[in-house]
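Biologist: Please display the sequence together with the model, so that the charged pairs and the helix packing may be discussed in turn.

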Amino acid sequence: MNRRNFLAAAGLAATSPLYARAAAPVVAGADMKGLPTIKGLGGIEFYKSDRAYLDSGSMHPISVGSHATLDAYLADRMGDPRSTSYHQDPIRDRVLGNFAQMINADRSEVTLVQSTTAGEQLVLRALGLPAAGAHVVTDTMHFFGSFYLYEAMAKLGVDVTWVRPKNNRIDLDDIEAAVKKGTKLVAISAVSTFNGFQHDLKRVCEIAHAKGALVYADIIHAAGCVPLDVKATGVDFAACASYKWLMGDFGLGFLYVRKDRLAELQHPVWGYYQLNAFQSHVYPYDPPGDDVADYGVPEDASGYFMWGTFSHMGIGLLDYSLDYIQKVGVPAIQAHAKPLTDHLKTELPKRGFELVTPLESTAPLVTFAYKDAANRLRPKMKEANVDITVSRNRFRFSPSVFNTMEDIDRAMHALGTA
């Protein structure tokens, strides 16, 4: 089952036409130069559409600039004689460096992974989980895909404590009560995909560390849209994919691991991309050796976790988008979205819609509970050419740098009243 089918089965599929565009006729290699564009915060450009796209928290559009970097990569891969040489290694290093700077990590503390879920599972393996009797604390504001993960851990003997929300928030007192001496891990989402609730990540880490536990944070709805300082919070592990607020694509993400935690971890995987030195002793003209090969493994995040190939196309997209995010600044991106989300929080409850996002949340996500939303709202949104996330019994807005109040008003007009 792929992600699209999983979302549909869970009643969580977005209305976004981006998911369905593959069904439309596409001319291979079509030149998109000359198409109309719109400019967002800081001058970033996106291809213009007649749709009001307010669903970047599901999948962010790719910018015109990232399209150009992808074209350069593809031209090189295709052997285009007009292409200049495309050097992947320095681009990858630049992307990793930009991501590390964005979250205030050392470059050695970040590495590439396939996805947020891949990062989370690598952390569990590195901690020796599942292990019978080990204790893990998580909460039901965590990514719904991790519900299955920790329920599976429980069936394999892990003692899993689920903290449930009060008033659409996770209470720190409940976290503190759940963590005990001997707890192995506290696993949370820094910003909830459900409603944008933001944990006090620093305080969660203080609670966990005081009792000897480590903290993993899913940061997919923070990286690129909410300021995040991993050193200030003290978080031990964090992961995200790149297709949301980092403006990249599927199949590539990042894993952060505090360098002073590496000595406590098992090597969860072994792969060629972890090595910083390699000499074989089995091929013609190789130097002799007692083993089939000699190799070096750095004591950093990549040395433990970067075990296989990664999306070179994704790296190309991020080379542009992360540079843009660094130049504009995450605080400016957050500030751009705030009046849009504040307007939704203020106006839609007046129309009878039940707000489930905390008023104090500064993430660009606003969610409303609405019974039978999928059947009642998807036709309306389709007719109005408005894209938001519409789930079985809720709907969510996630505006980004190209959205305006006109988009918000258009969406609210389409919703009408509850």
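Biologist: How many salt bridges does the structure hold?
Modeller: This is a predicted model, in which local features need pLDDT (the predictor's confidence in each residue, from 0 to 100) of at least 70, side-chain atom pairs count only at pLDDT 80 or more, and totals for chains, interfaces and linings use all residues. Residues are numbered from 1 along each chain as its sequence is written, and side-chain values use heavy atoms, with hydrogens and water left out. With a salt bridge defined as a side-chain nitrogen of Lys or Arg within 4 Å of a carboxyl oxygen of Asp or Glu, the number held by the structure is 21.

Biologist: Which residue meets Asp 106 in a salt bridge, and what parts does the pair tie together?
Modeller: Asp 106 lies in the loop between α3 (88-102) and β4 (110-113), and its partner in the loop between β10 (253-257) and β11 (277-280), so the pair ties together parts 153 residues apart in sequence. Helices (H or I, at least four residues) and strands (E, at least two) are DSSP runs, numbered from the N terminus. The N to O distance is 2.5 Å, and the partner is Lys 259.

Biologist: Is Asp 260, the partner of Arg 258, buried, partly exposed or exposed?
Modeller: Arg 258 and Asp 260 form a salt bridge with the closest N and O atoms 2.6 Å apart. Buried means under 20% relative accessible area, exposed over 50%, and partly exposed in between (1.4 Å probe, protein chains only). Arg 258, at 16%, is buried, whereas Asp 260, at 45%, is partly exposed.

Biologist: Which residues do salt bridges with shared partners join into one network?
Modeller: Side chains of opposite charge can pair when their charged atoms come close. Here, one network consists of Asp 236, Arg 258, Asp 260, Arg 261 and Glu 264.

Biologist: What term describes α3 relative to α10?
Modeller: The axes, which are lines fitted to C-alpha atoms over the stretch in contact, with angles from 0 to 180 degrees between N-to-C directions, come within 9 Å for α3 and α10 (residues 312-328) and cross at roughly 45°. Angles under 35 degrees count as roughly parallel, over 145 as roughly antiparallel, 65 to 115 as roughly perpendicular and the rest as oblique. Therefore α3 is, relative to α10, oblique.
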